[in-house]
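Student: I should like a close look at a single part of this model, namely the sheet pairing, and then an account of what surrounds it.

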Amino acid sequence: MEREVLFRIRRFDGDKSYWQDFRFTAKRGMTVLDGLYYIKENLDGSLAFRASCRMGVCGSCAVKINGKPRLACETQILDIGSTLEIEPLDNMPVLKDLIVDMDDFFRKHEAVKPYLMREDDDYENPKELLQTPKELHAYYDFTLCIKCGACYSACPASATRSDYLGPAAITAAYRFCADSRDEGKEERLSLVSGSEGVWRCHFNAECSEVCPKSIEPAKAVQKMRLMSAIHMIKSIFR
Ligand code: SF4
Ligand code: FES
């Protein structure tokens, strides 16, 4: 099966933003990323986009397709229709065409200390930290984040407040706060309980709607809110 399709791509050359149309024949099995490579190799070599793994693992190919953030490498062209409007993600500055500047997104991720914190850290003599299957299950789903930025792009709170940590960073914070091996929960909760943290979320849940890994960042934000409330009450009586 094949069909003539129209890719309307939102381009940016550093000065101006404009739409450019490309028509080609899409074959069954062709992803949106395959379509972008087809255009780059056959129609316009100046088209800029990010991609690496081509298999939904690296998170670098997220773009908006007909208004919704998706992974280009996991989206079948023929499943979408005959006209595909492709734009860069929202809530991040556009550098060129479909490439956005993710520095702020990753800075926020780093700010929540997304790693195990322990008193007995000794990298010279690492020791095994045991965990039951139940303890693993408490946070496992949230380890699957590929940092694609789709949730951040869809988040209305990130759109209105550039200092909001955003759903991906808070999900990373929850993943470690819920880990039985971690001892940095109180420190991390102090980092996410401020005005730019969990209480900024509108609970619109768009983030969970678009996450290509079905992680439910909105659930992580709610769980962090509960932890944050307990943390704040405890700190009053300390
Ligand atoms: S939570 Fe989902 S949408 Fe957000 S960055 Fe991680 S994988 Fe992407
Ligand atoms: S190219 Fe790696 S997730 Fe799409």
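Tutor: In this predicted model, strand β3, residues 62-65, pairs with β5 in the antiparallel sense, over two bridges. Within that pairing, Ile-65 stands opposite Ile-86 in β5. Strand β5, which covers residues 83-87, is also joined to strand β1, residues 2-12, by four bridges, and here the two strands run parallel. On that side, Phe-7 is the residue opposite Leu-84 in β5. Strand β5 thus takes part in an antiparallel pairing with β3 and in a parallel pairing with β1.

The domain assignment of the chain places residues 2-99 in domain 1 and residues 102-237 in domain 2. The C-alpha centres of domain 1 and domain 2 are 30 Å apart, and 15 residues of domain 1 make contact with 17 residues of domain 2.

Two further sites complete the picture. The largest pocket has a volume of about 200 Å³. Its lining includes Leu-116, Arg-118, Tyr-123, Pro-126 and Lys-127, as well as Asp-120, Asp-121 and Asp-122. By class, five lining residues of the largest pocket are charged, four are nonpolar and one is polar.

Around ligand 1, the residues include Cys-145, Cys-148, Cys-151 and Cys-211, together with Pro-212 and Pro-217. Ile-146, Lys-147, Gly-149, Ala-150 and Ala-168 also belong to the surroundings of ligand 1. This shell divides into nine nonpolar residues, one polar and one charged.

Notes:
Residues numbered from 1 in each chain as written. Chains lettered and ligands numbered in written order. Predicted model: local features only at pLDDT ≥ 70, side-chain atom pairs only at ≥ 80, totals over all residues. Heavy atoms only, no water. Near = heavy atom within 4 Å. Nonpolar A, V, L, I, M, F, W, Y, C, P; charged D, E, K, R; others polar. 1 Å grid on protein atoms, 1.4 Å probe; cavity = no way out; pocket = protein on both sides within 12 Å on 5 of 7 lines; lining within 4 Å. Points joined across faces, edges and corners; volume = space filled by probe spheres on them. Pairing = 2+ DSSP bridges. Domains from an automatic or database assignment. Contact = heavy atoms within 4.5 Å.
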